[in-house]
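Please look over the sequence and the fold shown here before reading the report that follows.

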Amino acid sequence: MTRTVYVNGEYVAEQEAKVSVFDRAFLFADAVYEVTSVLNGKLVDFDNHMKRLQRSMLELNYGPKIDEDEFLEFHRKLVSINKIDEGIVYLQVSRGIAERDFAFPSSDTKLTVTAFTQKKKLIENETATKGITVITVDDLRWKRCDIKTIQLLYPSIAKTEALKKGADDAWMTQNGYVMEGSSNNAWIIKGKNIHTREADNLILNGITRLAVMKVAEQLKYRVVPKQFTVTEAENADEAFITSATAFVTSVVKINDYKINNGKIGVFTQSLREAYIKQALDTLT
Ligand code: PDD
């Protein structure tokens with residue numbers, strides 16, 4: 001079946017969709033994006049994804065504002081046209097089309113808004129049952145990783161490097177500290193404490209990360225946001241990642257160190273189950 005995608009207010013077959021070669025996304029990676037998961041044909045945590053999108057746009061001085069109701073409507077429509085029961089909606093907003101110039105174009109330049117869906121098994125899949133393995137690599141990104149831009153070349157290099165080395169993903173590090181995964185937040189459990197790095201300008205404040213913190217509190221687990229070293233991670237009791245596509249996915253090996261004997265840990269598993277349950281209870 002041909003997928004229908006969204007381009008500036010129009011629903012078009014993916015082969016027909018067109019964006020200008022002068023689009024700032026194409027020339028300068030001048031675009032922000034969101035990935036919202038879909039369960040039972042409905043959106044997970046849509047409001048918070050829109051809040052983060054608005055923040056990303058504000059941080060980059062995008063002129064025009066977005067209409068959240070309109071965005072909700074086309075997300076829903078794409079999910080329905082493409083019959084997505086489980087998967088994601090990818091949304092991208094670029095600064096728009098302008099003659100190539102490093103300086104931003106005038107603030108009334110029309111945004112380019114595109115979106116498409118992907119079918120994906122998010123709840124039951126191989127990584128949910130087996131966990132993933134990660135290697136650590138130097139974090140060579142810029143210093144505004146809190147803005148969800150489409151400058152994803154380095155994470156893409158890191159992920160490819162991980163696959164080449166037989167691992168599933170890469171955790172990016174600075175000065176011996178774990179920052180985050182190539183497209184997810186990194187967590188460890190040590191004793192009674194669950195740690196994930198505090199959200200500042202060097203990592204993305206994951207929507208799933210925030211939801212998992214609440215779920216952990218409800219389970220009476222102790223979340224202590226703090227940065228942790230690669231060595232601490234390698235010696236953790238459990239480790240996991242969070243994202244809109246991974247939800248809570250166990251990490252069973254970091255570099256050469258097996259975590260929890262290479263098996264999914266009980267806390268991680270209960271967090272995953274509790275997260276999915278609350279996501280299913282709060283769909284939009
Ligand atoms: N990535 N950190 C990075 C660098 C990310 O790219 C992502 C999300 C996250 C987790 O954020 P959230 O919980 O809001 O999905 C953390 C998406 C899924 C992607 O690029 O496909």
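## Overall build of the chain

In this predicted model, 49% of the 284 residues of the protein chain count as buried, where buried stands for under 20% relative accessible area. The accessible surface of the protein chain comes to about 14,200 Å², and 51% of that surface belongs to carbon and sulfur atoms.

Turning to the fold, the secondary structure of the protein chain comprises 8 helices and 15 strands. The protein chain is as compact as a globular protein of its length, because its radius of gyration of 19 Å is close to the 19 Å that the globule rule gives for 284 residues. Measures of extent, taken along the principal axes of the C-alpha trace, come to about 55 × 40 × 35 Å. When contacts between residues at least 6 apart in sequence are considered, 71% of them join residues that are at least 24 apart.

The domain assignment divides the protein chain into two parts, which are set out below together with the residues that each brings to the contact between them.

| Domain | Residue range | Residues in the contact |
|---|---|---|
| domain 1 | 4-119 | 22 residues |
| domain 2 | 126-281 | 19 residues |

Taken over C-alpha atoms, the centres of domain 1 and domain 2 are separated by 26 Å.

How many positive and negative side chains does the protein chain have, and how far apart do the centres of the two sets lie? The protein chain has 38 positive and 38 negative side chains, and the centres of these two sets lie 3 Å apart.

Conventions: Residues are numbered from 1 along each chain as its sequence is written. This is a predicted model: local features need pLDDT of at least 70, side-chain atom pairs count only at pLDDT 80 or more; totals for chains, interfaces and linings use all residues. Side-chain values use heavy atoms; hydrogens and water are left out. Helices (H or I, at least four residues) and strands (E, at least two) are DSSP runs, numbered from the N terminus. The radius of gyration is taken over C-alpha atoms; the globule rule is 2.2 Å times the number of residues to the power 0.38. Buried means under 20% relative accessible area, exposed over 50%, partly exposed in between (1.4 Å probe, protein chains only). Contact means heavy atoms within 4.5 Å. Accessible areas come from the Shrake-Rupley method with a 1.4 Å probe; for residues, only the protein chains shown count as cover. Lys and Arg count as positive and Asp and Glu as negative; His and the chain ends are not counted. The place of a charge is taken as NZ of Lys, CZ of Arg, CG of Asp or CD of Glu. Domain bounds come from an automatic or database domain assignment.
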